[in-house]
Amino acid sequence: MKILEDRIRQDGTVLPGNVLKVDNFLNHQIDPQLMDQMGAEFARHFKDAGITKVLTVESSGIAPAVMAGLHLQVPVIFARKHKSLTLQDNLYTAKVYSYTKQVNNDISIDRRFLSPEDRVLIVDDFLANGQAVQGLFDIAATAGITVAGVGVVIEKRFQKGHQMVVDAGVPLVALASIASFADGQVIFAQD
Ligand code: G4P
């Protein structure tokens with residue numbers, strides 16, 4: 001998505017450890033117009049996939065997931081990383097290890113919000129090692145629902161997540177696909 005690639009070139013910063021800082025438009029300060037356009041792009045790709053719900057993990061996945069849900073006109077569910085007073089039991093849970101933060105999180109979704117006939121689109125801001133997506137795959141398998149697609153705003157194709165989703169046979173759409181970082185510059189994948 002050209003407008004996103006241009007924005008990454010303009011406002012993104014490459015940090016040590018192959019981390020792209022995009023907190024001025026994606027995951028801290030949010031550009032709602034861009035988010036809306038990205039939601040429309042996800043919907044364009046998955047409009048014929050029979051999606052019934054969009055799934056994500058809090059917190060940075062929520063904004064693009066809501067926009068995708070808005071354009072697909074389906075509900076959006078975010079897995080929680082912390083149990084809340086109102087979310088105690090009757091949960092689907094999975095373990096998610098964050099390589100960047102080096103912590104293990106249990107993610108949870110209330111069982112009431114998923115049923116076997118659901119066909120879900122998983123949406124997230126980054127696809128890096130694929131841990132968040134794997135956690136949602138695990139929950140989907142336990143719940144007996146179909147994962148009809150994965151949509152990510154930015155994938156770092158050189159990390160494990162891209163291949164993991166491809167190997168799972170699930171259609172993957174990345175709005176921006178980063179092949180590598182070279183001398184602080186972002187090199188986008190060509191296809
Ligand atoms: P994953 O995102 O594919 O699951 O893999 P990984 O375990 O490597 O990522 C851990 C966290 O780091 C994730 O956020 C992910 O979005 C974020 N992350 C990975 N690579 C980058 C990057 O290049 N730039 C930025 N800004 N973030 C990156 P999280 O722990 O789920 O946190 P949250 O922000 O959603 O709460």
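**Briefing: helix α4, two cores and a pocket**

Start with α4: its 13 residues, at 1.5 Å apiece, ought to span 18 Å, and the end C-alpha atoms do sit 18 Å apart, so expectation and model agree. Bear in mind that this is a predicted model. Below is a quick tour of that helix, the nonpolar cores, the largest pocket and one loop residue, Gln159.

**Helix α4**
- The buried residues of α4 are Ala132, Val133, Gly135, Leu136, Phe137, Ile139, Ala140 and Ala143.
- As a reminder, an α-helix has 3.6 residues a turn, so residues three or four places apart point the same way.
- Right after α4 comes Gly144, with a positive phi near 75°.

**Nonpolar cores**
- The largest nonpolar core holds 32 residues, and Leu4, Ile8, Leu20, Leu26, Met38, Ile51 and Ile154 have the most contacts inside it.
- Two or more residues of this core come from each of α1 (2-11), α2 (32-46), α3 (62-72), β7 (119-127), β8 (146-156), β9 (172-182) and β10 (185-188).
- Helix α2 is the top contributor to this core, giving six residues.
- There's also a second, separate core of 27 residues, with Leu55, Ile122, Leu136 and Ala140 among them.
- In that list, Leu136 and Ala140 belong to the second core, and both are also buried residues of α4.
- For background, nonpolar side chains tend to be buried together in soluble globular proteins.
- Skipping neighbours within four places in sequence, Leu26 touches Met35, Met38, Asp125, Phe126, Val153 and Ile154.

**Largest pocket**
- Its volume comes out at about 900 Å³.
- The lining of the largest pocket has 34 residues, and Ser98, Thr100, Lys101, Asp125 and Phe126 are the closest to the centre.
- Asp125 and Phe126 therefore turn up twice here: they are among the residues closest to the pocket centre, and they are contacts of Leu26.- At least two lining residues come from each of β2 (19-21), β5 (91-98), β7 and α4 (131-143).
- Strand β7 supplies the largest share of the lining, with four residues.
- By type, the lining splits into 13 nonpolar, 13 polar and eight charged residues.

**Gln159**
- You'll find Gln159 in the loop between β8 and α5 (160-167).
- Is Gln159 buried or exposed? Its relative accessibility is 19%, so Gln159 counts as buried, the cut-off being under 20%.
- Leaving out neighbours within four places in sequence, Gln159 is in contact with Asn18, Ala128 and Asn129.
- The C-alpha atoms of Gln159 and Ala79 lie 23 Å apart, with the two residues 80 apart along the chain.

Technical notes. Residues numbered from 1 in each chain as written. Predicted model: local features only at pLDDT ≥ 70, side-chain atom pairs only at ≥ 80, totals over all residues. Heavy atoms only, no water. Core = buried A, V, L, I, M, F, W, Y, C linked by side-chain atoms within 4.5 Å. Buried < 20%, exposed > 50% of the residue type's maximum accessible area, 1.4 Å probe, protein only. Contact = heavy atoms within 4.5 Å. 1 Å grid on protein atoms, 1.4 Å probe; cavity = no way out; pocket = protein on both sides within 12 Å on 5 of 7 lines; lining within 4 Å. Points joined across faces, edges and corners; volume = space filled by probe spheres on them. Nonpolar A, V, L, I, M, F, W, Y, C, P; charged D, E, K, R; others polar. Expected span 1.5 Å × (residues − 1).
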